[in-house]
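Biologist: Hi! I've just opened this one, so please walk me through it.

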Amino acid sequence: MARLLLSAFGPFGEHAVNASAEVARRLWEEGVEGCDLVKIELPTVRRESADLLLHAFDRVRPDVVVMLGIAAERDEITPERVAINVDDYAIPDNAGNQPVDEAVVAGAPAAYLATLPVKRIVAALADANIPSRVSNSAGTYLCNHVSYAMLHHIERSGAPCRAGFIHLPQMSEVVPEGAPSMPFAMLVVGVTIAIGAITGTAPR
């Protein structure tokens with residue numbers, strides 16, 4: 001059974017509900033077949049989010065880390081191929097931080113590739129008729145920040161762990177009609193399928 005650390009973000013900016021936290025909570029409550037799942041909800045605060053995630057990693061020692069967040073302009077589930085060493089926030093985080101052209105980790109490499117099977121995830125979601133594509137940019141906000149910090153930490157530690165970030169659309173239930181989104185039930189199924197593609201287990 002794979003030990004899986006699943007992170008998500010709470011509310012931020014104009015998003016009083018964050019679909020990533022709602023999906024992670026549902027999966028933790030119901031369980032995911034073939035996984036010993038540990039959930040952590042991260043604050044949308046620059047350094048605090050990564051610090052909490054890395055502390056959880058060191059405590060849990062997972063086989064897989066799946067980080068979730070929302071991309072409100074997207075209507076597909078998008079596993080991220082790469083994380084870059086740049087913090088450049090278009091809006092402040094929940095603590096008012098708004099770095100411009102700063103490093104996530106000073107002196108560290110420019111980028112890390114995710115170690116999740118991003119194309120296998122997309123193929124599995126396509127088989128289930130859930131919109132998905134590989135994304136080549138996680139942006140330069142908190143989602144990229146924690147993804148880069150996690151991948152850097154794993155690289156430095158030498159831990160045999162696969163990790164990567166998956167962006168979700170916002171929930172259809174909390175956005176105006178016609179806005180990019182996906183129904184909550186489909187998001188839950190989609191992330192379950194993505195985890196199954198990563199771990200090699202069939203979803204329930």
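Modeller: Happy to. When I talk about helix packing, an axis is a line fitted to C-alpha atoms, for helices over the stretch in contact, and angles run from 0 to 180 degrees between N-to-C directions. It's a predicted model, so local features need pLDDT of at least 70 and side-chain atom pairs pLDDT 80 or more, while totals for chains, interfaces and linings use all residues. Residues are numbered from 1 along each chain as its sequence is written, and side-chain values use heavy atoms, without hydrogens or water.

Biologist: Good. At what angle do H2 and H4 pack?

Modeller: About 35°, with the axes of H2 (residues 46–60) and H4 9 Å apart. Helices here are DSSP runs of H or I, at least four residues, and strands are E runs of at least two, numbered from the N terminus.

Biologist: And which way does H2 pass H4?

Modeller: The crossing of H2 over H4 is right-handed, meaning the near helix is turned clockwise from the far one by less than a right angle; anticlockwise would be left-handed.

Biologist: Which residues meet there?

Modeller: On the H2 side, Arg46, Arg47, Ser49, Ala50, Leu53, Leu54, Phe57 and Asp58. From H4 come Leu142, His145, Val146, Ala149, Met150, His153, Ile154 and Ser157. Contact means heavy atoms within 4.5 Å.

Biologist: How do those split by class?

Modeller: The H2–H4 contact has nine nonpolar, four polar and three charged residues. Asp, Glu, Lys and Arg count as charged; Ala, Val, Leu, Ile, Met, Phe, Trp, Tyr, Cys and Pro as nonpolar; the others, Gly among them, as polar.

Biologist: On to H5. How do H1 and H5 pack?

Modeller: H1 (residues 19–30) and H5 (residues 184–199) pack at about 65°, with their axes 10 Å apart. That makes H1 roughly perpendicular to H5. The label covers 65 to 115 degrees; under 35 is roughly parallel, over 145 roughly antiparallel, and the rest oblique. H1 also passes H5 in a right-handed crossing.

Biologist: Which side chains should I click on for that contact of H1 and H5?

Modeller: For H1, pick Ala19, Glu22, Val23, Arg26 and Leu27. For H5, try Phe184, Leu187, Val188, Val191, Thr192 and Ile195. Eight residues of the H1–H5 contact are nonpolar, one is polar and two are charged.

Biologist: What about H3 against H5?

Modeller: The axes of H3 (residues 118–127) and H5 come within 9 Å and cross at roughly 130°. That makes H3 oblique to H5, and this crossing is right-handed. H3 brings Arg120, Ile121, Ala124 and Leu125, while H5 brings Gly190, Ile193, Ala194, Ala197 and Ile198. By class, the H3–H5 contact has seven nonpolar residues, one polar and one charged.

Biologist: Switching to the backbone, what's phi at arginine 61?

Modeller: Arginine 61 has a positive phi of about 50°, although it is not a glycine. Look for arginine 61 in the loop between H2 and E3.

Biologist: And where is aspartate 101?

Modeller: Aspartate 101 is in the loop between strand E5 (82–84) and strand E6 (111–113). Its phi is near 55°, a positive value in a residue other than glycine.
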